[in-house]
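The exercises below ask you to locate features in the structure and then check them against a worked solution. Have the sequence and the model open side by side.

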Protein chains: 2
Amino acid sequence: MKHESFNESVEMYLKTVSELAAGNDLAPISALAERLGVSTVSATEMVHRLCEKGLLDHTPYKGVALTEDGRRRAQRVIRRHRLWECFLVDFLNLPWEKVHDYACRLEHATDTAVTEALAAFLNHPQTCPHGNPIPSAVGDVAAANDTPLGDLQPGDHGAISRIYPESLLLLDYLAARGILPGQPVEFEEIAPFNGPLMIKIGGETHALGQEIAAHIFMELTDDTH
Amino acid sequence: MKHESFNESVEMYLKTVSELAAGNDLAPISALAERLGVSTVSATEMVHRLCEKGLLDHTPYKGVALTEDGRRRAQRVIRRHRLWECFLVDFLNLPWEKVHDYACRLEHATDTAVTEALAAFLNHPQTCPHGNPIPSAVGDVAAANDTPLGDLQPGDHGAISRIYPESLLLLDYLAARGILPGQPVEFEEIAPFNGPLMIKIGGETHALGQEIAAHIFMELTDDTH
DNA sequence: GTTTATTATAAGGCTTACCTAAAAATTTAA
DNA sequence: TTAAATTTTTAGGTAAGCCTTATAATAAAC
């Protein structure tokens, strides 16, 4: 009956740091704590433990980063997570917007042998149903070459590539509006005073808040013919 | 970050009681503790907690039994466990003797929606790869109509129906010898002084200790034609 | 260069699920 | 029916992962 829940917490912290420090910068502990639903004091404690284990680097007053060990460990969790998402959508026909949460539980309870057998069964998919790349078994990920909707200029167009980071609330919102990877996108305008972005997605125009727009990535169609 | 590990412990206790009290009698706390790899003091503590929650009934100095609530809860865990075993063997091609352990982890991390979608995907199988019946979604199980090898008389024959309860050590042992559900069985003799049982399984004769024989069930072929 | 805001640490506590050691209660067996 | 074995309870402890409150350190803004 040895406790596996330590593992689970570790994995959640590493995964979250990986998301927050996606742009190679440091993840502030406050942001970590908020995303994990934990007090900053608790997060600080845990960060110390993970530093001692050599999984995180903490620069006081700046934030935390994954060590190489931590990075690999996080990517392996993310691999399990995204493989399960593929299975849940493609074979169990579960809703696109729900599988993220289901996979969040399974990812901590999946042996390596199961992970790799699952990858083979699924034919080694490259992305999860939300468009995010699936790391390799040793923790390598393809670098993304896309842009968050928030960074677009009027007239830009292309197609949605991925939703990142994912959360049930966000995915529910997007699913209800048909805002999914693959949908064609045309940027129309941004309302003044940091207002919502007016974006045509799959024929319909949506007013998206900046925060949501930061979670939607697209691949630009190159118009410089 | 609310802890799900309480759930996990509860589920392990309920599952184990369900196994130990299979013959409708009481499961001694000492047996519970041993199977869970925990001190009797710890097991007693936990049993008290589960009694307060209305999941167990404890008769002091006798043992524990599942309440109706506890029984249903245990069966639901067992359902998830056995469905995963089917998937792991039939679709991921993982070894028959290993999937029990893999499923032991997954069973605590599987939402009801995933369980039922999995059942549908698998076409609602009736038994796990080790021959044990899969409880219904509401926790009903078909009563088994088979006999442990230990109870046989010389001359009896039939086919292996299931291995129960399962454990990695036992399954490894049986897999190495081709002792699997479906194999034809012929009882030859029992060595004196509680010696091993000599049993012909799939053409070869095996000397099985009584403890192992108690875990192997068979369906007798009725010879009273 | 202060003030203000953020970040970190310190102190004390809680719960779950474990542990050991020792004493008390009950059952079983001689 | 007394002794032996088992079961339960009591007492005191540990570690992980949380919590709140309060103080100290640093960074950023004015």
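**Exercise 1. Backbone outliers in the loops**

Task: State where Asn93(A) is found, and give its phi.

Solution. Step 1: Asn93(A) sits in the loop between H4 and H5 of chain A, where helices (H or I, at least four residues) and strands (E, at least two) are DSSP runs numbered from the N terminus. Step 2: although Asn93(A) is not a glycine, its phi is positive, about 55 degrees. Step 3: most residues other than glycine have a negative phi, and most peptide bonds are trans.

Before going on, note the conventions. This is a predicted model, in which local features need pLDDT of at least 70 and side-chain atom pairs count only at pLDDT 80 or more, while totals for chains, interfaces and linings use all residues. Residues are numbered from 1 along each chain as its sequence is written, chains are lettered from A and ligands numbered from 1 in the order in which they are written, and side-chain values use heavy atoms, with hydrogens and water left out.

Task: Find the cis peptide bond that ends at Pro165(A), then the one that ends at Pro165(B).

Solution. Step 1: in chain A the bond runs from Tyr164(A) to Pro165(A), with omega near -15 degrees. Step 2: Pro165(A) belongs to the loop between strand E4 (157-163) and helix H7 (168-176) of chain A. Step 3: in chain B, Tyr164(B) and Pro165(B) are joined by a cis bond with omega about -10 degrees. Step 4: Pro165(B) is in the loop between E4 and helix H7 (168-176) of chain B.

**Exercise 2. Domains and a hairpin of chain A**

Task: List the domains of chain A and give the distance between the C-alpha centres of domain 1 and domain 3.

Solution. Step 1: the division is domain 1 (5-66), domain 2 (75-143) and domain 3 (147-220), with bounds from an automatic or database domain assignment. Step 2: the C-alpha centres of domain 1 and domain 3 of chain A are 29 Å apart.

Task: Describe the pairing of E1(A) with E2(A).

Solution. Step 1: strand E1 (residues 56-59) and strand E2 (residues 63-66) of chain A run antiparallel and are joined by 4 bridges; two strands pair if DSSP finds at least two bridges between them. Step 2: Asp57(A) has Ala65(A) in E2(A) as its bridge partner. Step 3: the hairpin has 3 residues between the strands, and Tyr61(A) takes a positive phi near 70 degrees there.

**Exercise 3. The sheet of chain B**

Task: What is the strand order of the open sheet in chain B, and which strands are at its edges?

Solution. Step 1: the 6 strands follow the order E3-E8-E4-E5-E6-E7, with antiparallel pairing. Step 2: strand E3 (147-148) and strand E7 (204-208) of chain B are the edge strands, each pairing on one side only. Step 3: E3(B) pairs with strand E8 (residues 216-220) over 2 bridges, and Thr147(B) stands opposite Met218(B). Step 4: strand E4 (residues 157-163) and strand E5 (residues 184-190) of chain B are joined by 3 bridges, with His157(B) opposite Glu186(B). Step 5: E5(B) pairs with strand E6 (residues 197-201) over 5 bridges, and Glu189(B) is partnered by Met198(B). Step 6: 6 residues lie between E5(B) and E6(B) in their hairpin, where Phe193(B) has a positive phi near 55 degrees.

**Exercise 4. Salt bridges and the interface**

Task: Which residue pairs with Glu11(A) in a salt bridge?

Solution. Step 1: a salt bridge is a side-chain nitrogen of Lys or Arg within 4 Å of a carboxyl oxygen of Asp or Glu. Step 2: Glu11(A) meets Arg80(A) at 2.9 Å, N to O. Step 3: the pair links helix H1 to helix H4 of chain A, 69 residues apart.

Task: Characterise the contact between chain A and chain B.

Solution. Step 1: 27 residues from chain A and 26 residues from chain B take part, contact meaning heavy atoms within 4.5 Å. Step 2: the interface has 2 salt bridges, including Arg105(A) with Asp111(B) at 3.3 Å, N to O. Step 3: helices H1 (5-20), H4 (68-90), H5 (99-106) and H6 (112-121) of chain A each give two or more residues to the side that touches chain B, and H6(A) gives the most, with 5 residues.
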